[in-house]
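Reader: I have a model open in front of me and would like to talk through how its strands are arranged. Could we go sheet by sheet?

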Amino acid sequence: MLGGVTLDLCEGFDADEVSIRAPGIADIHIASVSTRLQIGRARSLPLPEAVQVLDIGLPRRGVLERVALLPGRPLWVAVSLSRDGKRLEVQQQLEPFGYL
């Protein structure tokens, strides 16, 4: 994605409902997100360049994470569920993540 933010939902998702909120964009709700084990990614979402903060939640698990995005665009953000399923782990970088 040129100039914006790419949000990758990666490891640990198993038929999860995911909710994404950010100032200036409509709330996003995605039902039944599951990680594709072959590539370690469940879903990839383009977001507008202006997004600076994301609230990412898994309502059924009671997990919510606020992410302040790094400056610089384009930006790639990878979100995985921790092994214990109680928190989200976030990585950010200025180049695409490598998936098989």
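Author: Gladly, and please keep in mind that this is a predicted model. A good place to begin is a single residue pair, since in β5 the bridge partner of R21 is D55.

Reader: How many bridges join β2 to β5, then, and which way do the two strands run?

Author: Three bridges join strand β2, which covers residues 16–21, to strand β5, which covers residues 53–58, and the two run antiparallel.

Reader: And what is the strand order in the sheet that holds them?

Author: The order is β3-β2-β5-β6, in an open sheet of four strands with antiparallel pairing. At the edges are β3 (28–33) and β6 (63–68), each of which pairs on one side only. From one strand to the next, the twist averages 20 degrees.

Reader: Switching to the strands we haven't touched, what order do β4, β1, β7 and β8 have?

Author: They form an open sheet of four strands in the order β4-β1-β7-β8, and here the pairing is mixed.

Reader: Why is one side of β4 and of β8 left without a neighbour in the sheet?

Author: Because β4 (43–47) and β8 (88–93) stand at the edges, each has a single partner strand, and so one side of each has no neighbour in the sheet. Neighbouring strands of this sheet are turned by 20 degrees against each other on average, with direction ignored.

Reader: Which way do β1 and β7 run relative to each other?

Author: Strand β1 (residues 5–9) and strand β7 (residues 75–81) run parallel and are joined by five bridges. If you want a residue to click on, T6 has W76 as its bridge partner in β7.

Key:
Residues are numbered from 1 along each chain as its sequence is written. This is a predicted model: local features need pLDDT of at least 70, side-chain atom pairs count only at pLDDT 80 or more; totals for chains, interfaces and linings use all residues. Side-chain values use heavy atoms; hydrogens and water are left out. Two strands pair if DSSP finds at least two bridges between them. Axes are lines fitted to C-alpha atoms, for helices over the stretch in contact, and angles run from 0 to 180 degrees between N-to-C directions.
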